Amino acid sequence: MTSARPLEPLLPDMFAPECPSSIMPIRVGDKWSAGVLLSLADGPRRFSELRVPLRATPKVLTETLRAMERDGMITRTVYAEEHLPTVLAARAAYQEKVS
């Protein structure tokens, strides 16, 4: 049996200060990012569509998506709500009936 040579201790300044590891966009290794990327492989999905297969809480999924967007891994598109005028008109009509 051979004895293993002891490892040299790690130096406290082994990483260059101009490239700190804490800002590296390494998101794929976290628990949720890989699943998000797989879920988005075929194209855009709504938030609720992502929650079903991932089984993530809304808070965790929101945080993951924001971090991925911040790091440039995904883009978010906000679509105008087409039915908002219809909803507002229905609310006004209901309010007139009950008043």
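## A tour of four helices

Read from one end of the sequence to the other, the protein follows the pattern α-α-α-α. Keep in mind as you look around that this is a predicted model. Colour by secondary structure to begin: you should find four helices and zero strands.

**Stop one: the whole chain.** Select everything and switch on a surface. The accessible surface of the protein comes to about 9,000 Å², and carbon and sulfur atoms own 59% of that area. How many of the residues count as buried? Of the 99 residues, 13% do. If you like contact maps, draw one now: among contacts with a separation of 6 or more, 44% join residues 24 or more positions apart.

**Stop two: helix 2 and helix 3.** Next, select residues 47–54 for helix 2 and residues 58–70 for helix 3. Two packed helices are described by the angle between their axes and the distance between the axes. Here the angle is about 115 degrees, and the axes lie 11 Å apart. Angles from 65 to 115 degrees count as roughly perpendicular, so that is how helix 2 and helix 3 stand to each other. Turn the view until one helix lies in front of the other, and you can follow helix 2 as it passes helix 3 in a right-handed crossing.

**Stop three: the side chains between them.** Which residues make this contact? Show Phe47, Leu50, Arg51 and Leu54 as sticks on helix 2, then add Pro58, Leu61, Thr62 and Leu65 on helix 3, which they meet. Colour the residues of this contact by type and you will get six nonpolar, one polar and one charged.

Technical notes: Residues are numbered from 1 along each chain as its sequence is written. This is a predicted model: local features need pLDDT of at least 70, side-chain atom pairs count only at pLDDT 80 or more; totals for chains, interfaces and linings use all residues. Side-chain values use heavy atoms; hydrogens and water are left out. Axes are lines fitted to C-alpha atoms, for helices over the stretch in contact, and angles run from 0 to 180 degrees between N-to-C directions. Helices (H or I, at least four residues) and strands (E, at least two) are DSSP runs, numbered from the N terminus. Angles under 35 degrees count as roughly parallel, over 145 as roughly antiparallel, 65 to 115 as roughly perpendicular and the rest as oblique. A crossing is left-handed if the near helix is turned anticlockwise from the far one by less than a right angle, and right-handed if clockwise. Contact means heavy atoms within 4.5 Å. Ala, Val, Leu, Ile, Met, Phe, Trp, Tyr, Cys and Pro count as nonpolar, Asp, Glu, Lys and Arg as charged, and the others, Gly among them, as polar. Buried means under 20% relative accessible area, exposed over 50%, partly exposed in between (1.4 Å probe, protein chains only). Accessible areas come from the Shrake-Rupley method with a 1.4 Å probe; for residues, only the protein chains shown count as cover.
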